[in-house]
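Trainee: Could you walk me through one part of this model, beginning with a single side chain and moving outwards from there? I'd like the cut-offs spelled out as we go.

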Amino acid sequence: MTLPLMPKATAVWLIEKTGLTFDQIAIFCGMHPLEIQAIADGEVGGGINGYDPIKNNQLTEAEIKRCEANPSARLKLIATPNPVARRAKGARYTPVAKRHDRPDAIAFVLRQFPQLNDTQIVRLLGTTKDTIAKIRNREHWNSPNIKPRDPVILGLCTQTDLNAAVQAANDRLVREGKPLQEDHGDIDPNSLFRSHDETSNGF
């Protein structure tokens with residue numbers, strides 16, 4: 001079953017913004033109803049920002065209302081109209097003028113999409129595995145000034161390419177039978193980012 005791009009963050013949004021049942025949200029997000037209950041009770045997911053599936057073209061408001069009216073109904077993910085064409089292998093070219101923004105974009109991706117592996121980030125942002133490791137481990141020469149910023153807004157990749165990379169990572173985890181993680185895992189957010197206030201910025 002195809003899952004939304006950020007299942008746990010999407011679940012947070014659906015819990016906060018809709019009248020859907022825990023079972024409906026759990027099935028749509030590929031999670032256990034007890035985990036949805038724990039999120040609703042504030043026991044887990046306290047630091048996760050909700051991810052709006054309507055704005056991100058994964059659900060329609062009408063679909064949510066349909067399922068709110070019928071607890072036995074199941075949410076249906078909006079199908080991608082056209083398959084995303086695969087880019088040629090190799091890192092993406094980044095214009096010189098935008099290269100100074102790349103560490104911020106890498107930090108954003110590491111925080112928001114930990115399911116992406118280094119190879120995917122290399123291709124998405126035109127960087128290297130060495131740079132990714134240095135930012136992750138706070139060994140980058142400019143670490144004190146790195147502030148996570150959306151690579152789409154920075155113009156370093158398209159929303160389509162980012163969505164495709166995240167979906168591929170989610171599909172890989174499902175195939176491998178691994179949970180969909182949306183926290184840092186072994187990454188210490190306090191060491192990677194300067195402060196919560198400086199980095200939250202709505203993301």
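**Gln24 and the helices around it**

Mentor: Happily! The side chain of Gln24 reaches out to the backbone oxygen of Cys67, at 2.9 Å. That is a polar contact, meaning a pair of N or O atoms within 3.5 Å; within protein, one must be able to donate a hydrogen and the other to accept it, and residues adjacent in sequence count only if both atoms are side-chain atoms.

A word on the ground rules: this is a predicted model, so local features need pLDDT of at least 70 and side-chain atom pairs count only at pLDDT 80 or more, while totals for chains, interfaces and linings use all residues. Residues are numbered from 1 along each chain as its sequence is written, and side-chain values use heavy atoms, with hydrogens and water left out.

Back to Gln24, which sits in helix 2 (helices are DSSP runs of H or I with at least four residues, strands are E runs of at least two, and both are numbered from the N terminus). With a relative accessible area of 1%, Gln24 is buried; buried means under 20%, exposed over 50% and partly exposed in between, with a 1.4 Å probe and protein chains only. Setting aside neighbours within four places in sequence, Gln24 is in contact (heavy atoms within 4.5 Å) with Cys67, Asn70, Pro71, Ser72, Ala73, Arg74 and Leu75.

Now for the company helix 2 keeps. Two packed helices are described by the angle and the distance between their axes. Axes are lines fitted to C-alpha atoms, for helices over the stretch in contact, and angles run from 0 to 180 degrees between N-to-C directions. Helix 1 (residues 7–17) and helix 2 (residues 22–29) have axes that come within 9 Å and cross at roughly 155°, so the two are roughly antiparallel. For such labels, under 35 degrees is roughly parallel, over 145 roughly antiparallel, 65 to 115 roughly perpendicular and the rest oblique. Which residues meet there? Pro7, Thr10, Ala11, Leu14 and Ile15 of helix 1 face Ile25, Phe28 and Cys29 of helix 2. By class, that makes seven nonpolar, one polar and no charged residues; Ala, Val, Leu, Ile, Met, Phe, Trp, Tyr, Cys and Pro count as nonpolar, Asp, Glu, Lys and Arg as charged, and the others, Gly among them, as polar.

Helix 3 (residues 33–40) packs against helix 2 at about 115°, with the axes 8 Å apart, which makes helix 2 roughly perpendicular to helix 3. Phe22, Asp23, Ile25 and Ala26 of helix 2 make this contact with Pro33, Ile36, Gln37 and Ala40 of helix 3. Here the classes are six nonpolar, one polar and one charged. Ile25 thus takes part in the contact with helix 1 and in the one with helix 3.

Stepping back, the protein chain has 11 helices and zero strands. Buried residues make up 42% of its 203 residues. Among contacts between residues at least 6 apart in sequence, 70% join residues at least 24 apart.
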